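Colleague: I should be grateful for a close look at a single part of this model. Please take one helix and describe its setting in a connected account.

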Amino acid sequence: MLARVERFLPRGWGDLGLQLAIWFGFAGVYQIARGAVDRNAFEAFQNGRHVISIERGLHSLVELDLQRVILHGGSFVLALALLWIYLFRYDAFHRVRNWVLATNLIALVGYALIPTAPPRMFPDEGFVDTLATAASLNHGSGFIQLASNQFAAMPSVHSADAFVIGFAMAMLVRSRIAAVLWTLWPTWVWFSVMATGNHFWLDVAAGVGVALFAGTMLAAMENRRLDELATPAMICDP
């Protein structure tokens with residue numbers, strides 16, 4: 001049985017184990033770090049109200065309407081997409097994985113520098129904490145409180161990850177229909193995180209900006225490395 005499964009693994013069980021260790025190790029450290037960064041409640045609420053003021057000034061405080069349409073969303077799409085890329089598009093796996101990791105690390109810095117309360121923390125503005133109303137679990141419960149930062153709304157890492165995976169999968173799948181669906185995936189995630197009161201649209205925009213910055217930075221580093229590798233060959237040419 002294991003031998004049959006191994007035939008589908010591009011680099012064998014050892015490499016799969018390494019990639020899983022990197023991913024889950026990063027996820028664990030990242031979650032703890034996210035929960036440990038500055039939790040200045042006063043500053044977070046001030047920043048959250050600034051976001052509300054900006055969006056209201058732009059006549060674009062759309063999150064209240066979205067909350068009435070959907071309660072919750074999201075899934076294990078990120079993990080499943082990375083697994084698919086690992087198994088069937090291995091040549092692109094490290095590039096996509098590094099893009100996701102870099103995006104999350106930069107977002108972590110944003111949480112520390114700009115703690116921002118999410119919409120659900122402003123019931124006086126009409127927002128609803130859909131997690132608390134839809135289940136017995138809430139953002140102040142046990143492990144959720146321990147491993148999460150209530151004020152990590154700016155930028156939206158969910159929106160950033162969806163952008164990375166949507167873009168990568170659209171480029172890697174062969175079916176045109178699948179490519180179109182993957183280009184729509186980020187839009188659905190952005191809709192969901194706003195509809196559930198977890199992010200303002202400015203948080204979403206910041207998340208996309210972080211993803212673009214991380215991707216540009218990694219691309220520049222890769223191009224520089226390729227230039228360095230090509231330089232000796234060019235010097236040796238007669």
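Modeller: W84 is a useful point of entry, and this residue belongs to helix α5. The model is a predicted one. With a relative accessible area of 26%, W84 counts as partly exposed, because buried means under 20% and exposed over 50%. Beyond its neighbours within four places in sequence, W84 contacts R89, M169, L172 and V173. Along the chain, W84 and M169 are separated by 85 residues, yet their C-alpha atoms lie 9.4 Å apart.

These contacts lead to helix α9, which comprises residues 157-172. Helix α9 has 16 residues and spans 22 Å from first to last C-alpha, close to the 22 Å expected at 1.5 Å a residue. Of those 16 residues, 13 are buried, and the helix is thus mostly covered.

The nonpolar core comes next. In soluble globular proteins, nonpolar side chains tend to be buried together. Here the largest nonpolar core has 37 residues, and those touching the most other members are L82, I85, V96, I165, M169, W182 and W185. Two or more residues come from each of α2 (12-36), α5 (77-88), α6 (90-113), α9, α10 (176-195) and α11 (201-236). The greatest contribution is that of α9, which supplies nine residues.

I85 shows how such a member is placed: leaving out residues up to four places away in sequence, I85 touches Y90, A92, F93, V96, M169 and L172. M169 and L172 are thus contacted by I85 and also by W84. Separate from this core is a second one of eight residues, including V51, A117, F127 and F200.

Definitions and conventions:
Residues are numbered from 1 along each chain as its sequence is written. This is a predicted model: local features need pLDDT of at least 70, side-chain atom pairs count only at pLDDT 80 or more; totals for chains, interfaces and linings use all residues. Side-chain values use heavy atoms; hydrogens and water are left out. Helices (H or I, at least four residues) and strands (E, at least two) are DSSP runs, numbered from the N terminus. The expected span of a helix is 1.5 Å times one less than its number of residues. Buried means under 20% relative accessible area, exposed over 50%, partly exposed in between (1.4 Å probe, protein chains only). A nonpolar core is a set of buried Ala, Val, Leu, Ile, Met, Phe, Trp, Tyr and Cys residues joined through side-chain atoms within 4.5 Å. Contact means heavy atoms within 4.5 Å.
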